[in-house]
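Pull up the model and get the strands and helices displayed. Let's walk through a couple of its parts together.

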Amino acid sequence: MIITGASQGIGAGLVRGFRDRDYTVVATSRSIRPLSDPGIVTIAGDMLSPEVGEQVVGEAVKQFGRVDSLVNNAGIFIGKPFEDYTEADFANAIGTNLGGFFRVTQAAMAQMTRQRSGHVVNITASLVDHPNSQIPAFLASVTKGGLNYATKALAIEYASRGIRVNAVAPGYVNTPMHPAETHEALATFDPLGRMAQVSDIVEAVLFLEFASLITGEILHVDGGQNVGH
């Protein structure tokens with residue numbers, strides 16, 4: 001299996017979760033380092049680079065013979081008022097959140113089609129479905145919203161080939177992205193009153209991995225944030 005954005009936070013949790021279930025994993029991110037576990041192959045690469053997607057999938061096939069699953073976790077969040085975004089912000093968000101997804105998923109889908117089986121999970125964002133004026137996030141909405149629609153489109157396109165495509169849409173997750181002093185305030189955005197832990201997201205992805213009749217699903221893990229306040 002392949003996990004992008006795998007060096008910390010949700011990505012690192014996903015690597016542990018799948019290894020605990022005896023999956024062999026190709027883990028990639030810009031800053032990832034080699035690990036001693038022979039069941040994990042690490043590839044340092046920036047999803048902005050066009051060649052990384054092919055490289056990651058090629059290494060998975062070389063090392064393990066197939067690609068059973070792909071979790072598109074790599075992504076960036078740039079939160080600022082719409083008129084303050086720069087051309088660099090736009091290019092970085094589109095290139096990472098959509099361009100990186102496009103290249104690695106296209107390469108993985110080609111391999112999965114040869115196998116006649118496979119599963120893709122895209123990590124998106126709950127705020128796409130329930131924008132909040134207190135947290136301006138246009139670029140996240142454009143890119144992660146695009147992934148939600150891509151999830152549905154690809155689920156239908158590839159269903160006849162035995163390939164499933166789903167998404168997990170987190171709310172605010174306790175990761176290094178959010179400083180500890182912000183946690184109390186962020187927890188108030190979830191109706192259940194707490195931030196998600198990395199384990200909550202990992203459990204959602206694992207549920208979809210083993211739910212063989214589910215495809216085209218966007219599973220919100222946000223304490224009810226997408227429903228409203």
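What follows is a short tour of one strand and its neighbours, then of a pair of helices. Keep in mind that this is a predicted model.

Start with strand β6, which covers residues 163-170. Eight of its eight residues are buried, so the strand is largely enclosed by the rest of the structure. In a regular strand, side chains alternate between the two faces of the sheet. With β6, both faces turn out to be covered. On one side sit I163, V165, A167 and A169, and on the other R164, N166, V168 and P170, all of them buried.

So who are the neighbours? Strand β5 (residues 118-123) pairs with β6 in the parallel sense, over six bridges. To find your bearings there, look for I123, whose bridge partner in β6 is V168. Getting from strand to strand involves helix α4 (residues 138-158): β5, α4 and β6 make a right-handed β-α-β unit. Strand β7 (residues 218-221) also pairs with β6, again in the parallel sense, over four bridges. Here, A167 stands opposite I218 of β7.

Now for the helices. Two packed helices are described by the angle and the distance between their axes. For helix α2 (residues 52-64) and helix α3 (residues 87-115), the axes come within 7 Å and cross at roughly 35 degrees. The crossing of α2 past α3 is right-handed. On the α2 side, G53, E54, V57 and V61 make the contact, while α3 brings R103, V104, A107, A108 and Q111. By type, the residues of this contact split into five nonpolar, two polar and two charged.

Methods: Residues are numbered from 1 along each chain as its sequence is written. This is a predicted model: local features need pLDDT of at least 70, side-chain atom pairs count only at pLDDT 80 or more; totals for chains, interfaces and linings use all residues. Side-chain values use heavy atoms; hydrogens and water are left out. Buried means under 20% relative accessible area, exposed over 50%, partly exposed in between (1.4 Å probe, protein chains only). Helices (H or I, at least four residues) and strands (E, at least two) are DSSP runs, numbered from the N terminus. Two strands pair if DSSP finds at least two bridges between them. A crossover is right-handed if, with the strands pointing away from the viewer, the path from the first strand over the helix to the second runs clockwise. Axes are lines fitted to C-alpha atoms, for helices over the stretch in contact, and angles run from 0 to 180 degrees between N-to-C directions. A crossing is left-handed if the near helix is turned anticlockwise from the far one by less than a right angle, and right-handed if clockwise. Contact means heavy atoms within 4.5 Å. Ala, Val, Leu, Ile, Met, Phe, Trp, Tyr, Cys and Pro count as nonpolar, Asp, Glu, Lys and Arg as charged, and the others, Gly among them, as polar.
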